Amino acid sequence: VSPANNLATLTPETSGSRFLKALSGETQAVPPVWLMRQAGRYLPEYRELRAQAGGFLDLCYTPDLATEVTLQPIRRFDLDAAILFSDILVVPHALGQEVRFVEGEGPRLDPLASRAEFATLKPEIDLGMLAPVYETVARVRAELDPSKALIGFCGAPYTVATYMVGGRGGEEQAPARKLAYSDPAAFQALIDLLVEASAAHLLAQLEAGANAVQIFDSWSGDLPPAEFMTWSAAPIAAICARVRAKRPGAKILAFPRGAGAKLKAFAEAVPADAIGLATAEDRRAAREAVPAHVALQGNVDPIALTVGGSALDAAVDGVLADLGDRPLIVNLGHGVRQETPPEHVAQMVARVRRAG
Ligand code: 1CP
C-alpha cells in the first residue's frame, strides 16, 4: 500500500484513529479494540429500543434508531470503532428476495433453489431501498468522536448465497453447496450478482462516510480447499478490486471465519488491509500465513468474555502477547453472546488500554 493511497482514506478528522493506523500497517503500543456484535441484545439499552421498533429490519431501516443503536456501545465502552447497525441480509432484500427475522430464531428467507428462481431477483441491487442505511452511516459519522472510526460492512458472497439458497444459516448451507456441485454455472451467476451488489453497497457506505468496510464470511470455513478458493476467496478479491477501482486506498477488512489451514491461500488471494481470525484459529500459524504488513484482527474467545475475571484477562493477554508486535486490532473471534455481562466488555477494553 503506497503512502498516497493511505492519504486517500485517512481524513484529517480520523488520522488520529488507532483503528485506521492499524489498517495502514502500524504496530502500536496500545492497539485498537472493537467487538463484532458490539451492539445488540446483551445491552439493556438495546433491548429497550428494540422493543419500541417494529421488526428487526424496521430498526435497520430507521436512521434515528439505527444511529442510536450504533452509538450505544461507543458511549458505554469508549471502543475505537463503531460498526454500522444493519445486517448482511439487507443485500438479498434489496435484490428483491423476501427476508424476515423470526423472534428467537434468526433470519428466514424464501429459498431460491434453482436457476429459474434466481430469475425472480433484480438484475442489480436497488440502492434506493437502502437509502436509510446510508443516511444512518452519514448521521453516525457526524455524531461520532473524530478519533473513532466507522466501519461499514457486507456479507461475503458465499455466506449470503447460503442464506439465499437455503433460506437460513447454519447446517442449511447444504442446499447452497449441493447447487454449487449440481449446477456450478447457476451458482456462479448468483455469486457474480452478489459481487456486484456487495461492491456497490460497500461503495455507498464509504461515500456516506464509513472509514473502512468489513466483509463477513461466516460459513465458508466448511468448504474443501478448492471450493473455498472458488466460492469464498475469489469473490471477496473481486469485491476488493471493484471497491478500490472507484476508491483507491479504501480500507478493507476480511473475516474468513474458520479458514484454518486455508488462511495462507486466502491471504495470498485477497488484498485486504486486515484479516479477522476466528476463535479457534491458531495465532502462531496465522502469523506465518498472513504477510506482516497486513493487520490481524481477533480473536478473544466470546465465551471467555461471558466469564470475565482472570479468564478474560488471560484471553486478552494471550492475543497481545502473540500478535502485539505487528499491526493488530483486538476483537473477539466471533460476535458478542447475548448472555455477556456488559461490565466484562469494559474490563476487556481496560485490559487492552493498559497494554501501553
Ligand atoms: O435483535 C435481534 O433480534 C437481532 C439480532 C441481530 C443483530 C443484533 C441480527 C439478526 N443481526 C444483527 C446485527 C448485525 N449482524 C451486525 C451489526 C453490527 C454489530 O454490532 O456487529 C452485523 C455486522 C451482522 C452480521 C451478520 N448477520 C452475520 C455475519 C457475522 C456473524 O455473526 O457470523 C451473519 C451471519 C448475519 C445473519 C444474522 N442476522 C441476525 C442473526 C441472528 C444472524 C445469524 C444467525 C443465523 O444464521 O441464524
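Trainee: Which residues point one way from strand 6, and which point the other way?

Mentor: This is a predicted model, where local features need pLDDT of at least 70, side-chain atom pairs count only at pLDDT 80 or more, and totals for chains, interfaces and linings use all residues. Residues are numbered from 1 along each chain as its sequence is written. Strands (E, at least two residues) and helices (H or I, at least four) are DSSP runs, numbered from the N terminus. In strand 6, one side has Ile252, Ala254 and Pro256, and the other has Leu253 and Phe255.

Trainee: Is strand 6 buried or exposed?

Mentor: Buried takes 20 or more other C-beta atoms within 10 Å of a residue's own, exposed 12 or fewer, with partly exposed in between and C-beta atoms placed from the backbone. For residues 252-256, 5 of 5 pass, so the strand is mostly covered, that is, buried.

Trainee: Which residue of strand 5 stands opposite leucine 253?

Mentor: Pairing needs at least two DSSP bridges between strands. Strand 5 (residues 212-217) and strand 6 have 5, in the parallel sense. Opposite leucine 253 you'll find glutamine 214.

Trainee: And which residue of strand 7 stands opposite leucine 253?

Mentor: Strand 7 (residues 274-276) runs parallel to strand 6, joined by 2 bridges. Leucine 253 faces alanine 274.

Trainee: What's the handedness of the β-α-β unit of strand 6, helix 13 and strand 7?

Mentor: Point the strands away from you: a clockwise path from the first strand over the helix to the second is right-handed. Here the path goes from strand 6 through helix 13 (residues 263-269) to strand 7, and the unit is right-handed.
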